[in-house]
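Student: I would like a close look at one part of this model, with the rest brought in where it helps.

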Amino acid sequence: MEGVGCSAALGDAAAGSPRDLSLVPERIQRREQERQMEVERRKQKRQDQEVEEEKSGFFAAAFARERAAAEELLRGEASAERLEEAANRLQGLRKLLNDSVLFLAPYDLRQGQEALAQLQAALAERRLELQPKKRFAFKARKKDAAGATQVDAAPGASSAPSPPLATEEGAPCLSWACGFSNLESQDLEKNADELHQRDILLSDLTNCTVRLRGNPNTLRLAKARSCKVLCGPVSTSVFLEDCCDCVLAVACQQLRVHTTKDTRIFLQVTSRAIVEDCSGIQFAPYTWSYQGIDKDFEDSGLDRGRNNWNHIDDFNWLARNVASPNWSILPEEDRDIQWD
């Protein structure tokens with residue numbers, strides 16, 4: 001009844017002259033102001049919730065529509081044209097997901113990321129189906145003690161022994177993958193033309209420095225020891241597996257690190273990075289730069305203004321109120337690295 005009396009008193013005062021307000025006790029005026037502010041706050045909250053629900057509904061419908069179109073393109077007989085269109089659809093899905101991060105629930109965001117990763121894996125698999133498989137001609141090479149193999153040779157690695165090249169006679173090369181493997185103490189490089197929207201594999205490298213100046217589609221680093229890997233913006237996912245004592249600088253949409261230890265990662269990522277079965281992982285913001293990186297960021301579709309480099313999910317550490325012992329933030333005094 002006091003609230004009713006308060007409103008009535010203020011109503012009567014408002015109906016008279018300004019001097020009538022002085023007849024209303026200050027305590028009642030203050031309470032009425034607080035009541036009105038609470039009404040406005042609840043109204044604004046309802047409006048904000050309606051906007052968020054509308055955005056979430058739009059995202060769900062748009063994502064489902066584009067996902068279905070991409071899945072349809074990945075079914076049936078593979079062709080370069082269909083896979084190119086599917087890749088464009090996935091690029092649109094990545095942009096839609098990145099633009100919706102701020103208002104999506106964590107579960108919906110994770111579901112979207114997993115769906116996108118599955119589609120990307122399916123695209124890579126269908127691309128491999130277009131690889132030549134009929135007849136192979138092997139070019140002889142001298143046997144070397146290290147048994148080093150370089151995949152899709154690049155400038156800066158001419159001193160490495162040439163691998164046995166497998167080509168299908170009479171058929172064009174349709175490879176989307178490239179990289180380096182089984183090398184030790186080498187400086188390795190690839191430029192933008194060699195990397196653009198390709199899947200990069202780096203494996204079994206020891207004490208190597210790898211510079212990838214361009215915009216790959218995916219990057220996978222496996223079984224690397226004491227290596228420095230510097231990479232331009234990756235449109236989709238970066239995977240690290242079974243690496244030790246490495247330094248990685250990369251920008252990507254998603255990062256997953258498995259069975260890796262004592263590694264520093266200079267990161268720009270639009271989603272939350274994931275570590276699993278790891279130890280001694282340190283994170284810092286992405287600081288590597290090179291001529292042409294601005295264009296590579298534009299081609300990648302990544303949002304340079306969004307960086308979750310210090311938002312890490314450890315699948316082996318579920319305690320929310322206690323920091324994971326498996327990863328940490330690299331101290332600022334240790335971030336000053338002479339990349340080149």
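Student: In β15, which residue is the bridge partner of alanine 273?

Tutor: The partner is isoleucine 312. Keep in mind throughout that this is a predicted model.

The pair belongs to the contact between β13 and strand β15 (residues 312–314), two strands that run parallel and are joined by 3 bridges. Strand β13 (residues 273–276) also pairs with strand β11 (residues 254–258), again in the parallel sense and again over 3 bridges. In that second pairing, histidine 258 is opposite glutamate 276 of β13. β13 therefore has a parallel partner in β11 as well as in β15, where two strands count as paired if at least two bridges are found between them.

Next, the sheet made by the even-numbered strands. Seven is the count here: 7 strands form an open sheet with parallel pairing, in the order β4-β6-β8-β10-β12-β14-β16. β4 (187–190) and β16 (327–329) are the edge strands; each has a single partner, so one side of each has no neighbour in the sheet. From one strand to the next the twist averages 20°.

Within this sheet, strand β10 (residues 247–252) pairs with strand β12 (residues 261–269) through 6 bridges, in the parallel sense. One point of register is that alanine 251 has glutamine 268 of β12 as its bridge partner.

Helix α6 (residues 293–300) lies across three of the sheet strands, namely β8 (228–233), β10 and β12, and runs at about 65° to β8. The helix carries a salt bridge of its own, between the side chains of lysine 295 and aspartate 299, with a N to O distance of 2.9 Å. Both residues are in α6, 4 residues apart, or about one turn of the helix. An α-helix has 3.6 residues a turn, so residues three or four places apart point the same way. Lysine 295 is exposed because its relative accessible area of 52% is over 50%. Aspartate 299, with a value of 28%, is partly exposed.

A salt bridge of another kind involves the edge strand β4. The side chains of arginine 213 and glutamate 189 meet at 3.3 Å, N to O. This pair links distant parts of the chain, 24 residues apart: glutamate 189 is in strand β4, and arginine 213 is in the loop between β6 (209–212) and β7 (218–222). Arginine 213 is partly exposed at 24% relative accessible area, and glutamate 189 is partly exposed at 28%.

Helix α2 (residues 26–74) offers a further case within one helix. Arginine 35 forms a salt bridge with glutamate 32, with the closest N and O atoms 2.7 Å apart. The two residues are 3 apart in α2, about one turn of the helix. Their accessibilities fall in separate classes: arginine 35 counts as partly exposed at 40%, whereas glutamate 32 counts as buried at 6%. The count of salt bridges comes to 11.

The cysteines need a shorter treatment. A search of the whole structure finds 0 disulfides. For cysteine 231, the nearest cysteine sulfur is that of cysteine 252, at 8.9 Å, and cysteine 231 is in no disulfide. The cut-off for a disulfide is 2.5 Å between sulfur atoms, so a separation of 8.9 Å does not qualify. Cysteine 231 is buried, with a relative accessible area of 0%, and cysteine 178 is also buried, at 2%.

Helix α4 (residues 106–129) allows a check on geometry. At 1.5 Å a residue, its 24 residues should span 34 Å, and the end C-alpha atoms are 35 Å apart, which agrees. The buried residues in α4 include Leu109, Gly112, Ala115, Leu116, Leu119 and Leu123. Gln113, Gln120, Arg126 and Arg127 of α4 are buried as well.

For the chain as a whole, there are 6 helices and 16 strands. Buried residues make up 39% of the 340 residues. Of the contacts between residues at least 6 apart in sequence, 45% join residues at least 24 apart.

Conventions
Residues are numbered from 1 along each chain as its sequence is written. This is a predicted model: local features need pLDDT of at least 70, side-chain atom pairs count only at pLDDT 80 or more; totals for chains, interfaces and linings use all residues. Side-chain values use heavy atoms; hydrogens and water are left out. Axes are lines fitted to C-alpha atoms, for helices over the stretch in contact, and angles run from 0 to 180 degrees between N-to-C directions. Contact means heavy atoms within 4.5 Å. The expected span of a helix is 1.5 Å times one less than its number of residues. Buried means under 20% relative accessible area, exposed over 50%, partly exposed in between (1.4 Å probe, protein chains only). A salt bridge is a side-chain nitrogen of Lys or Arg within 4 Å of a carboxyl oxygen of Asp or Glu.
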